[in-house]
Amino acid sequence: MRSGCSSIMILLAFLVIGAFEFESGFATTVTYDHRALVIDGQRHVLLSGSIHYPRTTPEVWSDIIRKSKEGGLDVIETYVFWNYHEPVRGQYYFEGRFDLVRFVKVVQKAGLFVHLRIGPYACAEWNYGGFPLWLHFIPGIQFRTSNTPFKNEMERFLTMIVDMMKEEKLFASQGGPIILAQVENEYGNVEWAYGVGGELYVTWAASMAVSLNTTVPWIMCQQADAPDPVINTCNGFYCDGFTPNSPSKPAMWTENYCGWFLAFGYAVPYRPVEDLAFSVARFFERGGTFQNYYMYFGGTNFGRTAGGPLVATSYDYDAPIDEYGFIREPKWSHLRDLHKAIKNCERPLVASDPTYMSLGANLEAHVYNNSEGCAAFLANIDNNSDANVSFHGNLYRLPAWSVSILPDCKNVIFNTAKNGISHYILEWLIRVLQSSFKVVSQKAFGGSSYKNKMNVEYNIASSAWYWYEEHVGFRSDSSFTQPGLLEQINTTKDASDYLWYSQSIDVNDELPQGKEEAVLHIESLVMQHLSLLTKGLQNYGPWFDVAGAGIYSVAISDLVKGKVDLSTREWTYQVQKVNTLDSIKSLANNSIWKSGINLPINQSLIWYKTTFTAPEGDGPLSLNLASMGKGQAWVNGQGIGRYWSAYLSPKEGCSDHCDYRGSYDSNKCLKNCGQPAQTLYHVPRSWVEDSGENLLVLHEELGGDPSKITVSTKSGHGVCAHISESDHPPIDLWEPGSGFNQASPEVQLSCDNEWKIISINFVSFGTPTGQCGKFSHGNCSAHNAIQIIQEINILRSQPITCNEKSTSTQRASTPKVQTQCVFIKAKS
């Protein structure tokens with residue numbers, strides 16, 4: 001190692017950061033002024049995250065909310081999904097994943113607040129935007145405009161939800177966690193299409209919501225004309241330039257997109273955390289006081305809940321907590337530290353408006369200097385050039401597209417771009433394993449060693465498969481005939497993805513004798529594969545509720561007689577209604593299934609079923625459906641979702657590294673080009689039997705090979721951290737009045753609940769290259785680096801078990817270097 005280097009500390013601890021926590025059961029008043037939400041007379045900076053209760057299962061709600069709180073959130077934001085709460089008018093459902101009251105109480109128990117976005121329009125890439133389809137069939141109705149039938153139904157549902165929350169004493173004034181409510185959603189984006197009716201509707205919706213007397217403020221997002229006292233808020237990738245429509249309202253950001261939603265046929269979008277942190281810091285720098293991540297946990301579009309036309313089953317959203325409930329690093333930790341830095345500025349930040357200072361071209365400062373203290377944000381908004389700036393007599397280094405936060409107007413405790421990475425890097429790989437894990441029942445791929453596997457895969461043997469070839473295009477007890485082509489939504493009433501259109505022609509009558517070829521022309525209202533609509537209903541856009549689906553024109557043509565229109569003839573229709581838990585179980589127990597050694601593969605319109613034994617453990621599972629074409633999957637009757645492995649994304653547009661500098665949009669950072677958007681499908685642990693057989697049912701539309709399907713345990717994740725001599729010490733060590741008190745930079749490492757760090761796989765001191773999880777030794781590397789790290793007993797012979805009750809903090813020293821990079825790989 002280089003001489004003349006002092007020591008640098010590495011901290012291993014179970015890290016929990018302090019968020020603003022309310023006391024359950026005590027009445028709280030919530031108002032607002034031009035700076036912030038005011039809770040019991042005090043202005044507050046609030047950090048929020050979206051978690052939609054139906055996109056995971058109740059068994060893991062508390063764990064996900066715990067991780068959100070540890071990540072620094074104060075508020076959990078969720079939509080309310082009308083179509084599943086009232087599937088039939090007057091018949092309500094609030095059980096299982098849709099137990100809204102239970103979810104709010106779980107958040108309350110964790111000591112966090114709730115922002116309830118009642119809508120009732122949600123968008124959210126959710127089927128039909130959250131509207132129940134029966135609404136579509138009310139005579140004379142028009143959605144989201146000044147239409148009496150729609151307003152009556154909307155008011156009835158909002159009133160029902162508000163009354164439910166009041167009965168359970170869940171509003172803040174009753175001692176509950178709900179501090180905000182939302183009416184409508186992003187209506188300002190489409191209001192132009194509704195003319196005067198839209199303007200009248202906005203005024204009515206705001207007035208109606210306020211009349212419900214929730215005793216908490218109401219908001220309308222993306223609604224510049226939201227009437228007082230309703231607060232208009234911002235949605236987008238950046239909202240630092242947002243100004244409310246009244247000087248009496250605070251700047252609030254209700255949707256800061258952590259990534260973007262996944263769509264079949266498209267590459268996987270992601271958002272670098274450096275840019276996400278930059279956007280958040282800029283918002284608070286310029287006067288914002290409430291910010292929400294959309295999504296903080298995205299989850300899964302189980303069953304047929306995904307909207308359309310191409311929204312995938314995974315709703316991961318590149319969120320800080322991934323689809324399976326695992327912390328995503330470095331996003332989670334970097335944002336956690338950002339939240340700590342912002343909270344350290346809270347008192348001066350809410351006490352006054354900021355003062356702007358120019359520090360040069362694309363360089364600026366915003367300072368909050370008042371009786372509560374002094375806090376400053378230094379920003380470099382250039383997307384190429386780093387800069388040195390002078391502020392209050394001190395020199396600061398600002399990387400391009402970054403913000404430094406100074407809670408005392410002197411010491412930098414956080415920079416959004418992780419300031420100071422240079423060419424000397426110490427890089428670790430630390431594996432985390434559960435203390436006991438063994439393989440049961442299924443064949444394990446890759447031999448008996450799982451050291452290098454993030455997932456443990458188990459094959460489902462082909463000899464266990466049964467199949468049923470679906471026959472369509474003929475009359476049956478469930479079919480009917482009618483002249484002309486029927487619109488699909490009006491016909492199926494969204495009871496199924498599938499409507500079979502059947503027509504027979506006599507080729508001798510329709511085509512010239514001896515003609516062997518003809519062309520079939522089919523036109524549909526949405527992009528479809530013939531009559532198959534394995535996609536959700538439209539969920540966004542003006543008048544989306546009247547956008548139809550299905551086939552509207554069918555013709556056959558040849559070179560002699562021209563085109564013969566078949567559209568007006570009598571057609572036979574059949575709606576497939578095998579979607580519910582009972583219908584899947586009934587189908588699975590039917591005698592129609594075949595079995596044998598010759599499993600039919602690559603065949604369209606075929607059902608498959610088999611049973612499997614779940615791997616041991618209590619973590620989530622995933623099905624790998626890469627070998628299948630297009631269809632739906634169920635486990636023990638529960639809808640896992642739609643799959644479409646045959647639809648590949650474009651081969652171009654992805655890169656190994658996406659520069660976080662410069663404005664982000666959903667097409668900037670892409671991965672998995674030329675591949676299916678999704679091949680792994682989340683199976684919640686609570687949906688499988690730990691001992692015994694589990695039923696897997698598939699409906700395949702295009703053709704695939706079920707013998708290659710595997711079931712996996714999600715067993716690991718990685719975490720990265722970077723440190724250098726020029727970096728600031730951990731935010732935890734900063735104290736108001738005394739600063740860092742000569743503390744040194746530290747790397748903070750932590751393991752998840754009941755996981756153990758048991759081995760160090762890779763260490764390089766020198767010039768390693770690569771990215772997080774893919775580092776390799778560079779031209780210069782110390783030969784004894786791994787031995788030095790292995791001498792840290794707390795990593796080698798005394799692994800730490802991290803759990804919710806862990807309070808101990810242990811530190812270990814390593815040689816100080818100019819720059820240090822830490823990569824942790826975690827396995828359960």
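Start at helix 6 (residues 273–285; a helix is a DSSP run of H or I of at least four residues, numbered from the N terminus). Select Arg282 and Glu285: they sit three residues apart in this helix and are therefore separated by about one helical turn. This is a predicted model, in which local features need pLDDT of at least 70 and side-chain atom pairs count only at pLDDT 80 or more, while totals for chains, interfaces and linings use all residues. Residues are numbered from 1 along each chain as its sequence is written, and side-chain values use heavy atoms, leaving out hydrogens and water.

The side chains of Arg282 and Glu285 form a salt bridge at 3.2 Å, N to O. A salt bridge here is a side-chain nitrogen of Lys or Arg within 4 Å of a carboxyl oxygen of Asp or Glu. Arg282 is buried at 4% relative accessible area, and Glu285 is buried at 0%. Buried means under 20%, exposed over 50%, and partly exposed in between (1.4 Å probe, protein chains only).

Add Asp240, Arg286 and Glu364 to the selection: with Arg282 and Glu285 they are linked in a network of salt bridges.

Next, select Arg271 and Asp275, a salt bridge with its closest N and O atoms 2.8 Å apart; both residues are buried.

Move to Arg685 and Asp690, whose closest N and O atoms are 3.5 Å apart in another salt bridge. Asp690 is exposed at 52%, whereas Arg685 is buried at 12%.

Finish at Trp218. Leaving aside neighbours within four places in sequence, Trp218 is in contact (heavy atoms within 4.5 Å) with residues including Ile118, Leu158, Val162 and Pro229.

How values were computed: Helix = DSSP H or I, 4+ residues; strand = E, 2+ residues; numbered from the N terminus.
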